[in-house]
Amino acid sequence: MSDIEIRDDRAAGRLEAVAAGEVVGRIEYFVLDAPGQALVPVHTIVEPAHEGRGIAGSLARELYGIARREGVTVAPLCPYVVKWAERHPDEAPAAEPELLRAAKEWLVAHPGLF
C-alpha cells in the first residue's frame, strides 16, 4: 500500500486512491449539512486489477480520519463502509439514527447523482 496516495476531491465528492497517476479506487460521497454536518459515503469502488490489496479499507479509514479532523460525522450508506465501521468501532464512531435517516432522504431526493 505504500505506493498508493489517497486524495480528497471534495468538489467531485470522491476520495480517491491513486497509484502511478491512475485512480485505482474511490469512495463516492456527499456532504450533508442538516440536521448536522456529515460525510456520507455512498459507494466504494476498487478497480478489479487492484482488488485484495487493502485499498477499500484504506479509503474508509481515511474518510473517518478526514471527518475526525474536520469535527464532523460519517453517516455511511455504502455497505462496504458500514461493514468496515462495524469491524473498527474504535476508529469509526456510529452516526446518530436521525443523521442516517436524513442522509437517506437526501439521497432519495437527488436521484441519479450516485
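How far apart are the end C-alpha atoms of helix α3 (residues 97–109), and what span should its 13 residues have at 1.5 Å a residue? The end C-alpha atoms are 18 Å apart, which agrees with the 18 Å that the 13 residues should span, the expected span of a helix being 1.5 Å times one less than its number of residues.

All views show a predicted model, in which local features need pLDDT of at least 70 and side-chain atom pairs count only at pLDDT 80 or more, whereas totals for chains, interfaces and linings use all residues. Residues are numbered from 1 along each chain as its sequence is written, and side-chain values use heavy atoms, with hydrogens and water left out. Helices (H or I, at least four residues) and strands (E, at least two) are DSSP runs, numbered from the N terminus.

**View 1. Helix α3 and the strands beneath its buried face.** Residues L99, A102 and A103 of α3 are buried, a term that here means under 20% relative accessible area, with exposed meaning over 50% and partly exposed in between (1.4 Å probe, protein chains only). Seen down the axis of α3, these buried residues fall within an arc of 105°, so they line one face of the helix; the arc is that of the directions from the helix axis to the C-beta atoms. P97, E105 and V108 are exposed on the other side of α3. The buried residues of α3 pack against β3 (22–32), β4 (38–46) and β5 (73–74), contact meaning heavy atoms within 4.5 Å. Lying across β3, β4 and β5, α3 runs at about 105° to β3, where axes are lines fitted to C-alpha atoms, for helices over the stretch in contact, and angles run from 0 to 180 degrees between N-to-C directions.

**View 2. The open sheet and its edge strands.** Five strands, in the order β1-β2-β3-β4-β5, form an open sheet with mixed pairing. The strands β1 (5–9) and β5 stand at the edges, each with a single partner strand, so one side of each is left without a neighbour in the sheet. Two strands are taken to pair if DSSP finds at least two bridges between them. In general, strands of a sheet pair through backbone hydrogen bonds, either parallel or antiparallel.

**View 3. The hairpin of β1 and β2, and the loop that follows β2.** Strand β1 pairs with strand β2 (residues 14–19) in the antiparallel sense over five bridges, with E5 opposite V18 and I6 opposite A17. Four residues lie between the two strands of this hairpin, and G13 in the turn has a positive phi of about 70°. In the loop between β2 and β3 lies A20, whose phi is positive, about 50°, although A20 is not a glycine. A20 counts as exposed, at 85% relative accessibility.

**View 4. Pairing of β4 with β3 and with β5.** Strands β3 and β4 pair in the antiparallel sense over eight bridges, where R26 stands opposite I45 in β4, and the hairpin that joins β3 to β4 does so through five residues. The loop between these two strands holds P35, which is joined to A34 by a cis peptide bond with an omega of about 15°. The pairing of β4 with β5 is in the parallel sense over two bridges, and L39 stands opposite V74 in β5.

**View 5. Helix α1 and its surroundings.** Helix α1 (residues 55–70) includes G65, and its 16 residues should span 22 Å at 1.5 Å a residue, in agreement with end C-alpha atoms that are 22 Å apart. Among the buried residues of α1 are I55, A56, L59, L63, Y64 and I66; what covers the buried residues of this helix includes β1, β2, β3, β4, β5 and α2 (79–87). G65 is also buried, with a relative accessible area of 3%, and its C-alpha atom is 8.1 Å from that of E91, although the two residues are 26 apart in sequence. G71, which follows α1, has a positive phi near 70°.

**View 6. The annotated domain.** An unreviewed UniProt entry places the feature "domain: N-acetyltransferase" at residues 7–96; UniProt positions are given in the numbering used here, feature names are shortened, and annotations may be inferred rather than shown by experiment. Over residues 7–96 the chain is 28% helix and 34% strand, with end C-alpha atoms 27 Å apart.
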